[in-house]
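The following note is offered to a colleague who is meeting this structure for the first time. Its points are numbered so that each may be checked in turn.

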Amino acid sequence: MTILHAQPLERRHMPDNYGISLARYTKRGTPDEARIPSDFGPPQSLRGFEPTYRNIIDYIVRITYRIWEDRIVEYIRDTYHPESQVFDDYGLQLGAEKIVSDTHHTTGAFSDIQLLADEIIWAGDDDIGFHTSHRTIIRGTNDGATKYGPATNKKVDVWCIANCVALDNRIFLEHVLYNTSDLLLQLGFDLREMAGAMVSAKPPGWPRSQAPWDALRAAARPTRPISVAEPVSGFDVDTFVREHFDRIWNDRRAADYQRTHTPDVTFHGPSGRAAVGRDACADFSARLLETFPDLQHQVDEVYWMGNPNEGYLCSTRWSANGTHRGGSAYGPATHKPVQLWGITQHRIVDGRVVEDWTMFNELDLMMQLVARD
């Protein structure tokens, strides 16, 4: 079977309203709020998808529930392409069977596991495929062995982000960050020690060679940014996000947060980072730039939903190369080249970010630093 390649999105693929959205689906904040509602929302054309699904939000929420909480793990074979490409914290994982195996392992390690949809940003259509950025809260008790060691019987509450592309009822491309560093901290492990142990274990796909790294960055990336290929007057999400990331990471202009973020913005990062205010966002980027002062950052993909009146939800997938020069984040300088990649979700109201959720491959990054040459 031929491997599918995700096509870049265009401006016309971005929903301009929230008629099909997670908040409308779960009826968040109302007396009728439910994880899986009895009304699956407004219908949407889903060519090739199972007729039980009403729209792309319904599809993402219910297949996740069915696989993880109804424990119908083999349903993955119906909802993932047999030769799916999954870029995770460690590297490139190929094929639905690998996902089936990994899911059985995780459900065995957390018998009461729940995956709660916290936000879903979507774009696309029947022809180009549906792109979804699914922020999930993973909850459960570690009552079975994991790849990290025996059961700890500790409860975990970890958020992660999975960016998927689905066509004809099957996900064929996924970029997923499980917030593994935060999971390990909640299980009681020392991150540096575990990074060393995982280097020795060499999980599948790790270390990444240049080819999968290039593939990770190039997947679904437009030849020219939407803001360049399809310019518009007025506020443009693509322009806003790309300019902000370039100024912060490549121009080292921390003051840009004053322009782009509200004073009381809420910030969430990997390993339990959470704070309120622009200073927290600036501190996060400053610590990474102190540690990797030659960091070269690029935006790989941007998509969004919304409008000027209701605001926007935006998903940005990004990547960077740099050299570990020391600093306060990850110990003494190793002078090793590193690969970072991440996903950021922004909620934008009146042209400013009011929520910033940023996840990156932190445990993998630490593994790169402790690995022997």
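**Note on an open sheet and its helices**

1. In this predicted model, six strands make up an open sheet with mixed pairing, and their order is β8-β7-β12-β11-β10-β9. The edges are formed by β8 (274–276) and β9, each of which pairs on one side only. On average, neighbouring strands of this sheet are turned by 15 degrees against each other, direction ignored.

2. Strand β9 deserves a closer reading. This strand spans residues 296–307 and is mostly covered, with 10 of its 12 residues buried. Edge position, in the sense of pairing on one side only, is thus to be read alongside this burial count.

3. The partner of β9 is strand β10 (residues 311–323); the two run antiparallel and are joined by 11 bridges. A hairpin of three residues connects β9 to β10. Within this pairing, N307 has G311 of β10 as its bridge partner.

4. A parallel pairing is found between strand β7 (residues 261–268) and strand β12 (residues 352–360), which are joined by four bridges. In this pair, H261 stands opposite V353 of β12.

5. Two helices should be considered together with the sheet. Helix α7 (residues 210–218) lies across β9, β10 and β11 (337–349), and its direction makes an angle of about 155 degrees with β10. Helix α12 (residues 362–370) lies across β11 and β12, running at about 160 degrees to β11. Strand β11 is thus among the strands crossed by α7 and also among those crossed by α12.

Note on methods
Residues numbered from 1 in each chain as written. Predicted model: local features only at pLDDT ≥ 70, side-chain atom pairs only at ≥ 80, totals over all residues. Heavy atoms only, no water. Buried < 20%, exposed > 50% of the residue type's maximum accessible area, 1.4 Å probe, protein only. Pairing = 2+ DSSP bridges. Axes fitted to C-alpha atoms, helices over the stretch in contact; angles between N-to-C directions. Contact = heavy atoms within 4.5 Å.
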